[in-house]
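Please open the model in your viewer and keep a selection box at hand. The stops below can be followed one after another.

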Amino acid sequence: MANLTIASAERGNLTVAQDAVHEARRLAGSSEDLLRIADLANAQVLLRRLDVATAEAVLEHVVQRAPVSDPIRGHALISLATARFNRGRMAEAVEAATEAVEAYRQSLGDRHPGYGRALHTLGTSLAELGDPAAARDALAQASSVLSAAFGPAAVQVQSTEIERAAVDLRLGDLAAAEAKAERALSAFTSTPPPDARPVGLALVLRGLIAETADRREAAATFYEQAQIRIAEARGELSPDLGFSLVRLGRLLTRMARYQDAAAALERALIICEAAGSAGTVRVADVLSARAELWRQSGNRRGALDDAKRALALLQERVSASDQVGGSTASAQRRGAREIYAALAHSLVALRDEDPRALQDGFVASQEALSSRAGDAMRRAALRRATTNDVLGRLLAEREEAIEAVQQADNVLLASAAARSPIPAEEADRLRYARADAAARVRTLSAEMLAVSPQFAGYIQPRPVEIRQVQEIVVDDEALIFFVVTEGETLIWGIRRNAAEAISVTVGSTEIANLVRRIRLGVDLGLEARGVPLEPFDVIAARALHDLLLLPIERIGVLDGVEHVIVIPDGALQSLPLHLLLDARQKWLIQRLAFTTAPSIGAFLASRDARRTPSQATMAFLGVGDPHFAGFARTANVRHRGANQRLWSELAQLPRLPDAAEEVRRIARILGERESIVLVGDDATERAFVESDPRRFQVISLSTHALMAGELPGLNEPVVVLTPVEDDAPLDGLLTGSDIALLALDADLVLLSACNTAAPDGGAYAEGLSGLARAFLQAGARELLVSHWSVASDATTRLMTDFARIAAMDPTARRTYALQGAIHRMLNDEDPRFRHPAVWAPFVIVGG
């Protein structure tokens, strides 16, 4: 009877389904096992009736009652994940799907179709949250499992392939997306699915492909055809319609078909209400799209009302998930990023309608650019500012608890996405540990507020006002930041006496292409992978300057400026702006010094914290040229789930003999008596930890740095040190989570390894989210990091010159020391040192 209920609900025959579920409950009697099955069936009926809130309550009850070994628990979790997805609660959908994957793995094994279906739901939810790299892994595994169970042409497999194609589009692979779409439609023609929904979803995909290729009329037609098919299969209020209706509404707005756009967006709002999505990110998306429609069609008051309503809704929703600070919170922010960015553009364009709109646009811009690195830097600055010992202890303990939550989230997600599976017992232990850590965060937050209510901003950061930035920027400085969307870029320029925001019609794709062209001529890591370095693309470097900096230069924002604080966005996070070329074909570094800040809040907090200087008593801790051969010893195949292949790869890392000389030279410059230098066999993890890094004003790690996923089995970024046999629990890998808990008091950390400004893995990962974030969270005031693989000898020279210039005037901005060191290389007789590949990768991160 339960199976009849589900089958009838799936076909839309809800009367038969309701009768069947009543009979199922009668037959179940008092059996807990059978009642769980009947409740699961009842939830499917409720979901088809769009009574999602009641269905979620029923499913949560089933999950709580079902034993871990009962497949019903997995079924309930996957239904719960789907329900949350349909309501636009993506972060919670990921949590339920992650649990569902583990539940199926334990109860039915990793070849069962239920396991594949859970991976499919996890992948689609991750894609919606803006993590296409993780989504790609989960969906690829789902497709493999489902294909083995049903055959490659089965509707279950092709439905997953449609989602994989959507991820391909996000990652810029149009050809792969088109191929998958055509295969899916061909398979559905050969073997028609039970209803028209899969065909409808394939047509949505074709609409996305056409829109990406700027074939607007074709895209609109595909979306409209898709909506007919989906409504035919699932009804006019199906949550599956919402996404394509918003895409269609935005597209028709750009095509000036305003009446049709209004109808599509009104229908999307009705569907959101019917699905119980009120107050979610999904409703904010519709309101944001409608605000743009009203603005373009001349209804500026309506546009302003919808934009402000969407902004308030988004802030409320995102802040509700921010209480614990785990990966769910950052994922929720990342998932809302595009909507915040669209609102920023709309609100700035409406500033003539309401003077407050410019400030609201500034708020939306800050929310769009929020990042884990920015939050880590902001919190570290606030920790340094406190003089209350009790509060200091609470802050430190809260940071440890937050890091524990984030690490548990990362490992569980990596395991669920089949990137690094862990044993069931370990997964259960991590879930319990995460719950304990999350409870600890809440308790410590309450204790902090009891001691010092003004620290509410530490727990729940609020956007700042333009005037607060102007008060802290000095006369020879400008703060510049960008908010990049598909079709536009909003450029902000803030001086002590002026604030400007300009929108230019250059979108993320064009910017990413220009960045890619520039990096092909400077990234020395390409040569290591067998790809020859291309000639530096002067045209791209000049074009990017003219698109993004010339507009604010023309209105005088950079007049009299010597120092630029830049907050990059999108692809700009992987490129130092100082290697762009101005109208005189001069490098920007020749007239401007740049500091990168991860967020506006972090910049302000860092400036405020200047009043609390470092209490470190030692001048310099330098680590360089570790020996890696010890990783080959089988005795080291242990700890953290590392596998044989990982250790073998680590053993092959080349020595960096120049690095030893680099840290020795810096020690001589800063004072050898107040320095500790660890090189070669002495450059171990234990020696680094036992030197007590919090005692040092400057720390340098001159060795290999690896991003998460760069080697098999590497789930987080690491600094590679000398391994020591039988030195458990230390294994020669200083991980991001190790670093985050160091409690540093350093004015500066030099990370002269390759890619230390890189994100923590994935094409869409936040900038500075890897090792840089870890050191900021540990308390480093400023960092010197690299954007790509570096030349060892040139780096040694640049770092030495930087340290020498900085030591001449300790009160000067360190970015001036970097600028001076680069100037010396630009004036060198050797043309190799004048090439931007060797001098341009490094940037100062801080305030």
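In which sense do β8 and strand β12 pair, and over how many bridges? The model you are looking at is a predicted one, and in it β8 and strand β12 (residues 748–751) pair in the parallel sense over 4 bridges.

**Stop one: strand β8 and its two partners**

Select residues 696–702, which make up strand β8, and then add residues 748–751 for strand β12. Within this pairing, S700 of β8 stands opposite L750 in β12. Now add residues 618–626, which form strand β6: this strand is joined to β8 by 6 bridges, and the two run parallel. To place the register of that pairing, label M618, whose bridge partner in β8 is F696. If you then turn on a surface, you will find that 6 of the 7 residues of β8 are buried, so the strand is largely enclosed by the rest of the structure.

**Stop two: strand β1, between a parallel and an antiparallel partner**

Move next to residues 477–484, strand β1, where 8 of the 8 residues are buried. In a regular strand the side chains alternate between the two faces of the sheet. Colour E477, L479, F481 and V483, which lie on one side of β1, and then A478, I480, F482 and V484, which lie on the other; the residues of both sets are all buried, and both faces of the strand are thus covered.

Which strand runs parallel to β1, joined to it by 5 bridges? Selecting residues 563–567 shows strand β4 in that role, and the bridge partner of I480 in β4 is V566. The pairing with strand β2 (residues 489–495) is antiparallel instead and extends over 6 bridges, with I491 of β2 as the bridge partner of F482. If you trace the backbone from β1 towards β2, you will pass through the 4 residues by which a hairpin joins the two strands.

**Stop three: a three-stranded open sheet**

Select the strands β9, β10 and β11, which form an open sheet in the order β9-β10-β11 with antiparallel pairing. The edges of this sheet are β9 (705–706) and β11 (733–735), each of which pairs on one side only. Between β9 and strand β10 (residues 718–720) there are 2 bridges, and labelling A705 together with V719 in β10 will show two residues that stand opposite each other.

**Stop four: helices α13 and α14**

Leave the strands and select residues 240–254, helix α13, together with residues 258–274, helix α14; they pack at an angle of about 155°, with their axes 8 Å apart. Because an angle over 145 degrees counts as roughly antiparallel, α13 is described as roughly antiparallel to α14. The crossing of the two helices is left-handed. To display the contact, show the side chains of L241, L245, V246, L248, L252 and T253, along with G249, on α13, and those of Y258, D260, A261, A264, L265, R267, A268 and I271 on α14. How do the residues of this contact divide by character? They comprise 11 nonpolar, 2 polar and 2 charged residues.

Before moving on, select A256 in the loop between α13 and α14. The phi of A256 is near 65°, a positive value in a residue other than glycine; at 46% relative accessibility, A256 counts as partly exposed.

**Stop five: a second positive phi**

Most residues other than glycine have a negative phi. Q585, found in the loop between β4 and β5 (593–596), is another position to inspect, with a positive phi near 60°. At 41% relative accessibility, Q585 counts as partly exposed.

**Stop six: two buried helical residues**

Select E161, which is found in helix α9 (residues 155–170). Is E161 buried or exposed? With a relative accessibility of 8%, it counts as buried, and, leaving aside residues up to four places away in sequence, E161 touches S143, K180 and R183.

Finally, go to A817 in helix α35 (residues 814–826), a residue that is buried, with a relative accessible area of 3%. Not counting residues up to four places away in sequence, A817 touches F802, I805 and A806. For a last distance to draw, join the C-alpha atoms of A817 and M799, which are 18 residues apart along the chain and separated by 9.9 Å.

How values were computed
Residues are numbered from 1 along each chain as its sequence is written. This is a predicted model: local features need pLDDT of at least 70, side-chain atom pairs count only at pLDDT 80 or more; totals for chains, interfaces and linings use all residues. Side-chain values use heavy atoms; hydrogens and water are left out. Axes are lines fitted to C-alpha atoms, for helices over the stretch in contact, and angles run from 0 to 180 degrees between N-to-C directions. Angles under 35 degrees count as roughly parallel, over 145 as roughly antiparallel, 65 to 115 as roughly perpendicular and the rest as oblique. A crossing is left-handed if the near helix is turned anticlockwise from the far one by less than a right angle, and right-handed if clockwise. Contact means heavy atoms within 4.5 Å. Ala, Val, Leu, Ile, Met, Phe, Trp, Tyr, Cys and Pro count as nonpolar, Asp, Glu, Lys and Arg as charged, and the others, Gly among them, as polar. Buried means under 20% relative accessible area, exposed over 50%, partly exposed in between (1.4 Å probe, protein chains only). Two strands pair if DSSP finds at least two bridges between them.
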